[in-house]
Amino acid sequence: MTVLAVIAVAVGLVLAERLYRVFEVQLAGLILRVITTSGVFVAGERETVYFGLSGDTPLGLRMTPECSSAFMLLPLLLVTAVMLYFRPKNAKRLFFSLAISAVVVILVNQMRVLAIVGLVNRLGVDEGYYWGHTLLGSMVSVVGGAVALVLFVWLGTRKPRGA
């Protein structure tokens, strides 16, 4: 039954992917409001966060499906379902592992957004966006996704302390 529940969550994430992107862009806006003073506006209905509003070169970042962490969460959900199928007695540990790894994936994607914002502010729109989105942002996503997957497997398969 838990396997089907995890698969249902994965399907729900795919079906509600746009709402998830709105959540991500709202979170990015919240973080940017805390760490910057240059003006931030979130247009949730457009999945876009605007920053640098008080400067000469404001910019909006739209959270497209390719930029969302939703599709980085799907492999974790599917691996959880497979592991639950073969080892249902490890459910508690697998759900803990999934929760921790999901938080890592979400935070990594937020770090990617922050890298873009930082480089745009530092290098300007053209060069900063290129370096922040294409190179550094992709590297952050790949490395962060790998760390989340390794963390998931480690937390989900390690032996209990008393064993």
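**Exercise 1. Valine 153**

Task: In this predicted model, find the helix that holds valine 153, and decide whether valine 153 is buried, partly exposed or exposed.

Solution. Start with the secondary structure: valine 153 sits in helix α5. Next, take its relative accessibility, which is 38%. Buried would need a value under 20% and exposed a value over 50%, so valine 153 counts as partly exposed at 38%. Finally, look across the sequence. Serine 101 is 52 residues away from valine 153 along the chain, yet the two C-alpha atoms are 9.4 Å apart in space.

**Exercise 2. Serine 97**

Task: Work out which residues serine 97 contacts once its neighbours within four places in sequence are set aside, and classify its burial.

Solution. Begin by placing the residue: serine 97 belongs to helix α4. Then list the partners, which are Leu151, Phe152, Val153, Leu155 and Gly156. Valine 153, from the previous exercise, is one of them. To finish, check the accessible area. The relative value for serine 97 is 0%, so this residue is buried.

**Exercise 3. Threonine 80 and leucine 73**

Task: Two residues of helix α3 are up next, threonine 80 and leucine 73. State the relative accessible area of threonine 80 and of leucine 73, then name what each one touches beyond four places in sequence, for threonine 80 and for leucine 73.

Solution. Helix α3 spans residues 70-86. Threonine 80 has a relative accessible area of 0% and is buried. Leucine 73 has a relative accessible area of 9%; with the limit for buried at under 20%, leucine 73 is therefore buried too.

Now the contacts. Threonine 80 touches Val6, Leu94, Leu98 and Phe152. Leucine 73 touches Leu13, Tyr20, Ala102 and Val105. As a last step, consider leucine 98, a partner of threonine 80. From leucine 73 to leucine 98 the C-alpha distance is 9.2 Å, with 25 residues of separation in sequence.

**Exercise 4. Glycine 145**

Task: Locate glycine 145, and give its C-alpha distance to lysine 159.

Solution. Glycine 145 is part of helix α5. Its relative accessible area is 23%, so glycine 145 is partly exposed. Leaving out residues up to four places away, glycine 145 touches Met72 and Val140. Moving on to lysine 159, we find 14 residues of separation in sequence and 24 Å between the C-alpha atoms.

**Exercise 5. Glutamate 47**

Task: Say what is notable about the phi angle of glutamate 47, and whether glutamate 47 is buried or exposed.

Solution. First, the location: glutamate 47 lies in the loop that joins β1 (40-43) to β2 (48-51). Second, the backbone: its phi is near 50°, a positive value although the residue is not glycine. For background, most residues other than glycine have a negative phi. Third, the surface: the relative accessibility of glutamate 47 is 2%, so this residue counts as buried.

**Exercise 6. The largest pocket**

Task: Determine how much space the largest pocket holds, and which element supplies the largest share of its lining.

Solution. The volume comes first: about 170 Å³. The lining residues are Val49, Leu61, Arg62, Met63, Thr64, Cys67, Asn109, Arg112, Val113, Ile116, Tyr129 and His133. Now sort them by element. β3 (59-62), α4 (91-123) and α5 (125-157) each give at least two residues. The largest share, four residues, is from α4.

**Exercise 7. The whole chain**

Task: Describe the order of helices and strands along the chain, then gather the global values for burial, surface and charge.

Solution. Count the elements: the chain has five helices and three strands. In sequence order they read α-α-β-β-β-α-α-α. For overall dimensions, a box of roughly 60 × 30 × 25 Å along the principal axes holds the C-alpha atoms.

Then turn to burial, where 41% of the 163 residues count as buried. The accessible surface is about 9,500 Å², and carbon and sulfur atoms account for 70% of this area. Charge comes next: there are 14 positive and 8 negative side chains, and 22 Å separates the centres of the two sets. Last, contacts: of those between residues at least 6 apart in sequence, 62% link residues at least 24 apart.

Note on methods
Residues are numbered from 1 along each chain as its sequence is written. This is a predicted model: local features need pLDDT of at least 70, side-chain atom pairs count only at pLDDT 80 or more; totals for chains, interfaces and linings use all residues. Side-chain values use heavy atoms; hydrogens and water are left out. Buried means under 20% relative accessible area, exposed over 50%, partly exposed in between (1.4 Å probe, protein chains only). Contact means heavy atoms within 4.5 Å. Accessible areas come from the Shrake-Rupley method with a 1.4 Å probe; for residues, only the protein chains shown count as cover. Lys and Arg count as positive and Asp and Glu as negative; His and the chain ends are not counted. The place of a charge is taken as NZ of Lys, CZ of Arg, CG of Asp or CD of Glu. On a 1 Å grid over the protein atoms alone, a cavity is a set of points where a 1.4 Å probe fits but cannot get out, and a pocket is an open set with protein on both sides within 12 Å along at least five of seven lines; lining residues have an atom within 4 Å of a point. Grid points are joined across faces, edges and corners, and a volume is the space filled by probe spheres set on the points.
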